[in-house]
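User: Could you walk me through how the helices sit together in this one? I'd like the reasoning along with the answers.

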Amino acid sequence: MVLKRVVVTGLGALTPIGNNIQEYWNALINGVSGAAPITYFDPAKFRTHFACELKNFNAEDFLDRKEARKMDRYAQYAMVASEEAVTDAGFDFEKLDKDRAGVIWGSGIGGLETFQIEMLNYAAGDGTPKFNPFFIPKMISDIASGHISIKYGFRGPNFATVSACASSTNAIIDAFNYIRLGHADVMVTGGSEAAVTIAGMGGFNAMHALSTRNDDPKTASRPMDKDRDGFVLGEGAGALILEEYEHAIARGATIYCEIGGGGMSADAHHITAPHPEGLGAKNVMLNCLRDAGLKPTDVDGVNMHGTSTPLGDLAESKAITHVFGEHAYKMNLNSTKSMTGHLLGAAGAVETISAILSMKYGIVPPTINHLTDDENIDPKLNFTFNVAQKREMNVVMSNTFGFGGHNACVLVKKLDF
């Protein structure tokens with residue numbers, strides 16, 4: 001069968017460095033850090049006292065108060081980002097076939113704060129089960145896609161993807177496949193996460209996964225730097241409208257780019273640590289290129305997973321060198337997590353949006369906070385350290401890797417490439 005072409009016609013973002021697409025992009029190219037002391041709870045007894053929280057965000061500015069109270073923060077974030085993306089796409093809802101419009105949404109954890117609140121309240125009581133009737137509907141990881149479809153009446157494919165930090169990239173790939181296989185014309189996709197909570201911070205601290213640079217939070221996320229000591233936990237959402245090419249052309253939609261391909265793989269190595277030689281990372285990029293029908297030399301840049309962990313950054317750098325060979329030194333690599341922190345299941349969507357905007361504007365956002373070279377990482381690789389670089393970008397890949405060894409990679413390209 002002939003696969004249909006898939007394009008991006010709408011974007012929405014809610015991030016620690018900007019509450020909409022334009023704010024997010026402006027902060028990215030100016031190298032703004034979203035890290036700051038935690039405000040959601042008192043972290044004094046925790047090993048890490050900071051995170052990349054949203055700034056100046058009030059859900060009731062966007063959602064009805066009663067409806068907002070029925071949603072965990074992760075679902076609120078999904079609703080806000082998806083609304084921006086749907087509005088950006090400019091649909092005529094009178095003409096849109098809603099039976100062929102769907103939602104696939106990713107979240108690595110889902111309603112963690114809701115679960116935490118309910119369990120703490122139960123533990124503080126006398127053992128009598130007094131649970132909020134919205135406990136389960138607020139907590140489950142698929143409820144965000146449900147809320148989005150209900151709001152717009154989209155009756156096409158609807159489900160959630162969960163693959164830890166690769167969740168929203170897997171959501172994008174699934175949405176891409178549903179459209180190119182002819183099962184839908186329009187898909188709302190992306191991901192959201194709201195894990196800056198007592199349980200989230202405590203759990204990641206117990207794993208020694210987080211930076212503990214409490215004296216200087218803004219420079220704590222430092223991918224590829226010799227002194228990196230863990231990731232900075234972030235929160236937020238990214239949303240994309242994927243659309244069948246002919247469908248988009250027929251309604252005169254503004255097209256950002258084309259989804260060229262998607263790749264998936266497993267490390268099959270360890271529940272949290274990456275394969276030391278980046279085997280899974282290498283395979284996922286090769287699978288993505290194969291799916292897109294492109295050569296390594298066609299790629300202009302990679303938005304790396306680049307979490308600022310000692311093992312992860314090294315393994316991914318090795319994989320890029322292996323996949324791209326000498327061409328690796330001609331590409332721009334970057335990690336926007338140096339600014340946003342790690343949005344876990346939402347990272348893939350937010351970072352794919354960065355890749356798309358880098359093509360639109362011809363600017364590669366920087367990897368900030370680089371102070372000291374790591375002698376174990378190839379110094380000839382251009383990680384776009386500290387300052388954004390102007391460059392024509394025609395093809396960009398975005399990597400995401402999750403606990404459990406889940407790897408996903410999506411490739412975006414200019415429509416005329």
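**Helix packing and burial**

Analyst: Let's start with a crossing: helix H1 (residues 21–29) packs on helix H13 (residues 347–361) at an angle of about 75 degrees, with the axes 11 Å apart. Axes here are lines fitted to C-alpha atoms, for helices over the stretch in contact, and angles run from 0 to 180 degrees between N-to-C directions. Helices (H or I, at least four residues) and strands (E, at least two) are DSSP runs, numbered from the N terminus. This is a predicted model, where local features need pLDDT of at least 70, side-chain atom pairs count only at pLDDT 80 or more, and totals for chains, interfaces and linings use all residues. Residues are numbered from 1 along each chain as its sequence is written, and side-chain values use heavy atoms, with hydrogens and water left out.

User: So is H1 roughly parallel or roughly perpendicular to H13?
Analyst: The angle between H1 and H13 is about 75 degrees. Angles under 35 degrees count as roughly parallel, over 145 as roughly antiparallel, 65 to 115 as roughly perpendicular and the rest as oblique. That makes H1, relative to H13, roughly perpendicular.

User: How many nonpolar residues are in the contact of H1 with H13?
Analyst: On the H1 side, Ile21, Gln22, Tyr24, Trp25 and Leu28 take part, meeting Val350, Glu351, Ile353, Ser354, Leu357, Ser358 and Tyr361 of H13; contact means heavy atoms within 4.5 Å. Ala, Val, Leu, Ile, Met, Phe, Trp, Tyr, Cys and Pro count as nonpolar, Asp, Glu, Lys and Arg as charged, and the others, Gly among them, as polar. Three residues in this contact are polar and one is charged, while the nonpolar ones number eight.

User: What arc do the buried residues of H1 cover?
Analyst: Buried means under 20% relative accessible area, exposed over 50%, partly exposed in between (1.4 Å probe, protein chains only). In H1, the buried ones are Ile21, Tyr24, Trp25, Ala27 and Leu28. They sit on the same side of H1, because the arc, taken from the directions from the helix axis to the C-beta atoms, spans only 165 degrees.

User: And which residue caps the N-terminal end of H1?
Analyst: Look for a side-chain oxygen 3.2 Å from the backbone nitrogen of glutamine 22. That oxygen belongs to the capping residue, asparagine 20.

User: What is the distance between the axes of H7 and H13?
Analyst: Helix H7 (residues 167–180) meets H13 through Ser168, Thr169 and Ile172, which touch Ala347, Gly348, Ala349 and Thr352. By class, that contact has three nonpolar, four polar and no charged residues. The angle is about 65 degrees and the axes are apart by 5 Å.

User: How many residues of H6 are buried?
Analyst: Helix H6 (residues 143–152) is mostly covered, and its buried residues pack against helix H3 (73–89) as well as strand E4 (101–106), helix H5 (135–139), strand E5 (158–161) and strand E6 (186–193). Among the buried ones are His147, Ile148 and Tyr152. Of the ten residues in H6, the buried count is eight.

User: Is alanine 268 buried or exposed?
Analyst: Alanine 268 lies in the loop between strand E8 (257–266) and helix H10 (279–292). Its phi is positive, near 50 degrees, in a residue other than glycine. With 77% relative accessibility, alanine 268 counts as exposed.

Terms used:
A polar contact is a pair of N or O atoms within 3.5 Å; within protein, one must be able to donate a hydrogen and the other to accept it, and residues adjacent in sequence count only if both atoms are side-chain atoms.
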